[in-house]
Structures are given as structure tokens and as C-alpha cells.
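Subject: Structure handover

Hello,

Here is the structure I said I would pass on. My notes on its side-chain contacts follow below it.

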Amino acid sequence: EMKILISVGIFPPDIGGPANFTPRISEWLTGRGHFVDVVCWSNKVNIDNKYNFTVIRIDRNQLKFIRSIKTIWSLCKKGQKSDIIFANGLDFEAAIASFLLRKPLVIKVVGDRSWEVASVRGWYEGTIDNYQKHNKDLKLRLLDRYRNFPLNAANKIITPSKYLSYLVNNWHLKNTLVDVIYNSTSIETPSEVVKLSDWKGKTILTVCRLVPWKGIKQIISTIQKMSDVRLIVAGDGPEKNSLIQFSKKKNISNRIFFLGQVKKQQVRWLFENSDLFILNSSYEGLPHVVLEAMATKTPVIATNIGGTPEVVMDKKTGLLVKYNDNNQLLSSINSIFNNQDQTNKMVKNAYQLIKENFSEDACFKQYENTLKQLIKNARRY
């Protein structure tokens, strides 16, 4: 058996890709006879964790420097008896711990952290693809160096899409050893009812962190042109208040519902009880939420960017639209609602694709084999 230490920046009750992936793979690995410890950041540190693995929560609401020191300390303390460190976030802290403990390090890269920070802070306004080719000032170059520091320390980098592996391979890392292991989802997941008001029209759902590149304003603007359609927004983030104000400005706040953080089982129920799922991002690696929508037989519209087209094949498993093209988004929504035969075929194809190519078992076995091989190689030296 292996002793695996996992670091992650978000963990339930947070929602998002890493928060979804980490408990699932940890439970799976534990079920295979391995020992797993998770170190994460959390808003609440006294949550009763009903998991078969240990969870150490570091309060994220403290000074960054202190938070980082506490994270490194926890990783080093737990990591003494671990065979390997698997970073799903907190890459910098995981790299320091890996160096101090002389333990192999695997990092899963689900995006370009440097571009995300630059976008949120208003230092850069272009797309992630343009950012890669941008003639950067000192501030952005330093951000890139900070992003690359832990990656240069990694024994292996894993990305969930070919698109992201292409990005990482162009970051001028010292030893780029990148494997692609696609994200996965479970077909059978329990759901928990979310109390919503009765609605006779159509329900559109989006599930994401509320940040600028998720394109929620465009969805709201499009919904404004449709009667008898409501939008459910599951997730939290820095854009929440401005999005609420935006929906009021558009005079449709009575049809836009911001649920904030929602439990995984409740997200499942929302998928099962929505007529359409939209992911309108300007950037994605390979989104878990799209896989979840397909697994619940919910029609999908997503933007033709990042790794998303590796799962959403236009008019086969869903509809692809250009980012920031409200007219195309509107016509695609109408197509989903009005062309039932095509929609049913896409939903059926998408469900089949998830069952055959994106099962948890197949995905997690690849991770297990990768971790085993790295531990075996490390023991040789």
C-alpha cells in the first residue's frame, strides 16, 4: 500500500473542480488499501469530517504569510510518514514540503494560476491564450516565475486535458514531464433536494466560481431576452455582489437566483431538475461540471475554449458557442428547447461518452499507477 499526502486549496463544503476531485479520489484510494491524508484551506476548521481519510483544515481567513507557514508545517508534519505528495493546489507550499522531506512530488495543473491572478487583480484583460504570447511587464513575469517555481520541483505534472498539457509544455520549465489524465465523474451519486420556488417555465443552471472569466453577465443578458426562463447560479466568489447588481440593473433579478455555496449532493439535484446547463467561460481546463451535467442527462451548452471541446462535441454531445457571442448563445438555448429530437440525441451520446471514457475507476487507476511508479523510482535512489 501507499501513504499519500494530498494538498488542495478548496475542499467541501467549497465547490469547484479540485473540491470535487480530491475527496472522491481520496475515498477511492483508501478503498484500495492506501493511506491518505489531506491538507486543505477552509473557511471553517471545526467541520466534522465523515471521511475514511484524515483531513487537516488550515483557516484561509488569516494573513497569507501565516497561512502559508502553517500549511507547510502541516504538510511536513503529516508528510514525514508519507511516500509521496500529490498537490491539487497549494503547489508552492507542497513544493517546499517536498524539498524539506525529500519526498517525490506530483502536481495536477488545472489552469494557469498566473493568468487567473492577473485577471482578478486587473493587471491583464485578455484571454488565457493571448496571455501566453503577451509581451509581459516585470509584474507578470514575476507571477509566471512564482507559478513555475513548484512545477520545476515536481517529479511529474498531470493535466486533465490535452489543451492544458500544451500550455504547460510552453511554460519553459526545466524538466517538463506532463501526463494527461482526463477528469471523471460518477454516474450514480446521491442527490439532496434544494428548496426552490415553484416555476412553470424553463430552468437554466450554471455552476461555477463567480469570477470574471466565467461569463455569467452574458448569460444574464441573454436570459433578459427570454420570457419564462429562470437562471440558477450555484457557487460563490468575488463577482457575486456585482452580478446581483447587474441582474437588478437588467430588471430580471426576480428570475436570477444566486444560491451561493451548495453541497455536492445538492448540485446533483440541481442538475437533475434543470432543463439546461450552461458553462460560458472564456477559459477552462477540462470542467468537472460539464461531466456531471452529462452524467445526469442534462443538455449542455459550453464555450468553444480550452479543454471543453475534448468532451463537448458540437451537435453530438452538446452545443459549443463562441465566448461573448450573446446572439449565438441565445440561438443555442432556443435550439435546445425547441429541437427536442436533436437535444435527446446529444444527451444520449453524452451519457454514453461519460460511461465509456470518463468513469472514475479508469481515471483513478491511472493516478494510482502514476503514484506507484514515482514512489518506486524514488526508492531506487
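To begin with one contact, Glu 284 and Lys 214 form a salt bridge in which the closest N and O atoms are 2.5 Å apart. The two residues come from distant parts of the chain, 70 residues apart. Glu 284 is in the loop between strand S11 (276-279) and helix H11 (288-295), while Lys 214 is in the loop between strand S8 (202-207) and helix H8 (216-224). Please keep in mind that this is a predicted model.

Both partners are covered. Buried here means under 20% relative accessible area; Glu 284 has 8% relative accessibility and therefore counts as buried. Lys 214, at 12%, counts as buried too.

How many salt bridges are there by this rule? The count comes to 13. Two others are worth setting beside the one above:

- Lys 315 and Asp 314 meet through their side chains in a salt bridge, at 3.5 Å from N to O. Lys 315 is exposed, with a relative accessible area of 54%, whereas Asp 314 is partly exposed at 34%.
- Asp 361 and Lys 365 also meet in a salt bridge, at 3.3 Å from N to O. Both belong to helix H14 (residues 360-379), and because they are 4 residues apart in that helix, about one helical turn separates them. Asp 361 is partly exposed, with a relative accessible area of 39%, and Lys 365 is partly exposed with 34%.

Salt bridges also join into a network, which links Asp 112, Lys 136, Asp 144 and Arg 147. Arg 147 has a further contact, with an aromatic residue: its charged end sits over the ring of Trp 171, 3.9 Å from the ring centre. Another arginine, Arg 230, lies over the face of Phe 257, at 5.9 Å from the ring centre.

Next, the aromatic rings. A search of the whole structure finds 14 aromatic pairs. One of them is formed by Trp 115 and Tyr 283, which are edge-to-face, with 5.0 Å from centre to centre and 70 degrees between the planes. This pair links distant parts of the chain, since its members are 168 residues apart: Trp 115 is in helix H4 (residues 113-120) and Tyr 283 is in the loop between S11 and H11. That loop is where Glu 284 was placed above. Are Trp 115 and Tyr 283 buried or exposed? Trp 115 is buried, and Tyr 283 is buried as well.

Tyr 124 and Tyr 131 make an edge-to-face pair, with centres 5.2 Å apart and 75 degrees between the planes. Tyr 124 and Tyr 131 are both buried. Elsewhere, which residues do ring pairs link into a cluster? They are Phe 21, Trp 28, Phe 86, Phe 364 and Tyr 367.

Last, the surface. Leu 63, Phe 65, Ile 66 and Ile 69 make a nonpolar surface patch of about 430 Å². Ile 66 has its place in helix H2 (residues 64-79). A residue needs over 30% relative accessible area to be part of a patch, and Ile 66, which is partly exposed, has 35%.

If you want a place to start looking, the loop between S11 and H11 holds Tyr 283, and Glu 284 is in the loop between strand S11 and helix H11.

Regards

Notes:
Residues are numbered from 1 along each chain as its sequence is written. This is a predicted model: local features need pLDDT of at least 70, side-chain atom pairs count only at pLDDT 80 or more; totals for chains, interfaces and linings use all residues. Side-chain values use heavy atoms; hydrogens and water are left out. A salt bridge is a side-chain nitrogen of Lys or Arg within 4 Å of a carboxyl oxygen of Asp or Glu. Buried means under 20% relative accessible area, exposed over 50%, partly exposed in between (1.4 Å probe, protein chains only). Rings of Phe, Tyr and Trp (its six-membered ring) pair if their centres lie within 6.5 Å; planes under 30 degrees apart count as stacked, over 60 as edge-to-face and the rest as tilted. A charge sits over a ring if NZ of Lys or CZ of Arg is within 6 Å of the ring centre and within 35 degrees of the ring normal. Patches are made of residues with over 30% relative accessible area and no salt bridge: like charges are joined within 9 Å, nonpolar side chains (Val, Leu, Ile, Met, Phe, Trp, Tyr) within 5 Å. Accessible areas come from the Shrake-Rupley method with a 1.4 Å probe; for residues, only the protein chains shown count as cover.
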